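Hi,

Here is the structure I promised to pass on to you. Please have a look at it first, and then read on for my notes.

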Amino acid sequence: MDHFVLHSEYKPTGDQPKAIEYLSNGIKEGKKFQTLLGVTGSGKTEVFLEIAKSIVTRNSNAQILLLVPEIALSSSFTSFLAPLSRFLGISPLSVTIKSP
């Protein structure tokens, strides 16, 4: 399998690099549960995606489940995963459940 290269204009800013490093170290140390807190729009999803990208880049057999509760993020989330999905030969599953 070829190497994965993601081309993105996004670069982590503010506290994001520190959060990415901290959470990534926790994963390497085997921590099963970690929590990232932040207000709406603070960039938590980007932190999760950066960590997921680094995990899959290191281990193409890794399995990652990312739940995106905000409907507004669903399409941007799916398009962010498109290059990764092509590299792995899979399709991201996107399900939207609307309340009655």
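Below is what I found, beginning with how far to trust the model.

This is a predicted model, in which local features need pLDDT of at least 70 and side-chain atom pairs count only at pLDDT 80 or more, while totals for chains, interfaces and linings use all residues. Residues are numbered from 1 along each chain as its sequence is written, and side-chain values use heavy atoms, with hydrogens and water left out.

pLDDT is the predictor's confidence in each residue, from 0 to 100. The protein chain averages 76, and 58% of the residues score at least 70. Confidence is highest in α1, with a mean of 94, and lowest in helix α3 (residues 74-88), with a mean of 65. Where pLDDT is low, the predicted coordinates should not be read in detail. Helices here are DSSP runs (H or I, at least four residues), numbered from the N terminus.

Let's start with α1. Its 13 residues should span 18 Å at 1.5 Å a residue (the expected span is 1.5 Å times one less than the number of residues), and the end C-alpha atoms are indeed 18 Å apart. Q16, A19, I20, L23, S24 and G26 are its buried residues (buried means under 20% relative accessible area, exposed over 50%, partly exposed in between, with a 1.4 Å probe and protein chains only). Seen down the axis, these buried residues fall within an arc of 155° (taken from the directions from the helix axis to the C-beta atoms), so they line one face of the helix. That face packs against α2, whereas K18, E21, Y22 and K28 are exposed on the other side. Just after α1, G30 has a positive phi of about 90°.

Next comes the largest nonpolar core, made up of six residues: A19, I20, L23, V47, I51 and I55. Such a core is a set of buried Ala, Val, Leu, Ile, Met, Phe, Trp, Tyr and Cys residues joined through side-chain atoms within 4.5 Å. Both α1 (16-28) and α2 (44-58) supply at least two of its residues. Leaving aside residues up to four places away in sequence, I20 touches P12, V47, E50 and I51 (contact means heavy atoms within 4.5 Å).

E50 also takes part in a salt bridge with K53, their closest N and O atoms being 3.3 Å apart. A search of the whole structure finds one salt bridge (a side-chain nitrogen of Lys or Arg within 4 Å of a carboxyl oxygen of Asp or Glu). The partners are three residues apart in helix α2, about one helical turn. E50 is buried at 15% relative accessible area, while K53 is partly exposed at 22%.

Best wishes
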